[in-house]
Number of protein chains: 2
Amino acid sequence: MSDRKSLESLFHLVHALKRQLFEQAEQLNVNLTPMHIRVMKIIDRKKPCTAIDIASFLRRDKAQVTRLVNTLIEKDLISKEPNPNDKRSHYLCVTESGTRLVDEIAKIDANTMQMMTKNLSEEELSEFQRISSLMSKNLEAR
Amino acid sequence: MSDRKSLESLFHLVHALKRQLFEQAEQLNVNLTPMHIRVMKIIDRKKPCTAIDIASFLRRDKAQVTRLVNTLIEKDLISKEPNPNDKRSHYLCVTESGTRLVDEIAKIDANTMQMMTKNLSEEELSEFQRISSLMSKNLEAR
DNA sequence: AATTATAGTTGACATTATCAATTACATTGC
DNA sequence: GCAATGTAATTGATAATGTCAACTATAATT
């Protein structure tokens with residue numbers, strides 16, 4: 001069960017979290033996926049924000065970002081503004097209805113976070129995050 | 001960056017780990033995916049093992065397990081034996097070539113684990129696993 | 001014996017992800 | 001200034017993972 005040298009506990013957490021995020025997305029009633037929601041949060045936080053910013057933050061292919069962004073534009077949650085420094089690029093901006101969605105996301109997010117960490121101390125949580133960062137850096141440093 | 005109340009560090013770890021597992025799978029040169037490899041490990045460890053055992057351990061749909069198992073059978077890595085207690089069900093058994101693969105997997109796995117946790121103490125690692133378990137239980141308990 | 005439950009399979013489909021090729025613009029070095 | 005090279009974004013193709021619903025066959029329950 002508690003195999004010191006196995007990743008099962010992490011795998012199970014990841015899977016449970018994924019399901020949780022899908023349910024979160026459903027609660028928003030706006031037909032978006034978890035990745036769309038992550039992108040909304042990123043655009044809301046980082047201003048100005050380009051597609052490349054999103055791709056590099058998420059460490060994802062630009063192709064995926066383009067498609068996620070397109071859906072968000074179709075749904076009038078974000079808009080593309082010209083990037084004065086680079087005609088190839090655009091600034092992505094949260095619209096009014098996008099802002100309302102981001103507010104909803106924040107509330108639901110807080111609930112999830114609280115549920116997930118309800119019996120953990122601040123120290124345990126930050127320790128968990130510190131170790132997560134170390135491990136991902138170990139994997140990425142190659 | 002180090003947002004106390006965000007899951008970004010975990011998300012990044014998950015993504016880095018996923019990439020790592022794909023590379024592991026490629027190293028095996030047997031055209032299997034990370035999930036196939038997880039299933040091989042499960043069948044090897046749990047004897048006897050049925051498809052339902054795998055589904056419940058992975059918390060995955062039976063449909064997915066059926067397909068993963070079928071690929072492994074096609075590649076002669078596991079075989080289906082009759083389950084004497086239930087004619088609907090089968091015992092899944094690692095074949096000879098499957099056993100050789102499992103051995104290779106173990107080696108590559110150990111390398112990954114070492115790389116990922118190289119600057120972590122035993123205590124940190126087990127703390128990480130303890131917290132992971134707690135969080136996934138929190139999410140699953142509903 | 002009839003009803004209900006379970007093991008496994010199959011088909012359809014959504015989400016996430018990557019790669020390669022392309023277009024348009026930007027930057028660098030001559 | 002201009003050629004070469006690099007970068008932002010898009011599009012098409014495709015793979016891996018995951019879920020749901022419907023189904024068959026067998027098991028368990030009443």
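Which helix gives the most to the surface near DNA strand D? H4(A) does, with five residues. Here "near" means that a heavy atom of the residue lies within 4 Å of the molecule or strand, and helices are DSSP runs (H or I, at least four residues) numbered from the N terminus.

A word on conventions before going on. This is a predicted model, in which local features need pLDDT of at least 70 and side-chain atom pairs count only at pLDDT 80 or more, while totals for chains, interfaces and linings use all residues. Residues are numbered from 1 along each chain as its sequence is written, chains are lettered from A and ligands numbered from 1 in the order in which they are written, and side-chain values use heavy atoms, with hydrogens and water left out.

**The surface near DNA strand D**

Let's stay with the DNA for a moment. There are 26 residues around strand D, and those that come nearest are Arg67(A), Lys80(A), Arg88(A), Thr33(B) and Arg60(B). Both chains supply helices to this surface: H1 (8–27), H3 (51–58) and H4 (62–74) of chain A, and H2 (34–45) and H4 (62–74) of chain B, each with at least two residues. By residue type, the surface divides into 11 charged, eight polar and seven nonpolar residues. In this scheme Asp, Glu, Lys and Arg are charged, Ala, Val, Leu, Ile, Met, Phe, Trp, Tyr, Cys and Pro are nonpolar, and the others, Gly among them, are polar.

On the DNA side, sugar or phosphate accounts for 61% of the strand D atoms within 4 Å of the protein, and bases for the rest. Individual atom pairs add detail. A base oxygen of strand D lies 2.3 Å from a polar side-chain atom of Arg88(A). Phosphate oxygens also take part: one is 3.3 Å from a polar backbone atom of His90(A), and one is 3.0 Å from an N or O atom in the side chain of Gln64(B).

**Salt bridges**

Over all chains, the whole structure holds 16 salt bridges, each being a side-chain nitrogen of Lys or Arg within 4 Å of a carboxyl oxygen of Asp or Glu. Side chains of opposite charge can pair when their charged atoms come close. Three of these pairs are listed here.

| Basic residue | Acidic residue | Closest N and O atoms |
|---|---|---|
| Arg130(A) | Glu127(A) | 2.9 Å |
| Lys41(B) | Asp109(B) | 2.6 Å |
| Arg59(B) | Glu140(B) | 2.9 Å |

Why are Arg130(A) and Glu127(A) separated by about one helical turn? They are three residues apart in helix H6 (residues 122–140) of chain A. Arg130(A) is partly exposed, at 36% relative accessible area; the classes are buried under 20%, exposed over 50% and partly exposed in between (1.4 Å probe, protein chains only).

The Lys41(B) and Asp109(B) bridge links distant parts of the chain, with Asp109(B) in helix H5 (residues 96–116) and Lys41(B) in helix H2 of chain B, 68 residues apart. Lys41(B) is buried, with a relative accessible area of 17%, whereas Asp109(B) is partly exposed at 24%. Leaving out residues up to four places away in sequence, Lys41(B) touches Ile105(B) and Asp109(B), where contact means heavy atoms within 4.5 Å.

Then there is the bridge between Glu140(B) and Arg59(B). Glu140(B) sits in helix H6 (residues 122–140) of chain B and Arg59(B) in the loop between H3 (51–58) and H4, so this pair ties together parts 81 residues apart in sequence. Glu140(B) is partly exposed at 35% relative accessibility, and Arg59(B) is partly exposed at 32%.

Finally, a network of salt bridges links Glu124(A), Glu127(B) and Arg130(B).

Conventions
A polar contact is a pair of N or O atoms within 3.5 Å; within protein, one must be able to donate a hydrogen and the other to accept it, and residues adjacent in sequence count only if both atoms are side-chain atoms.
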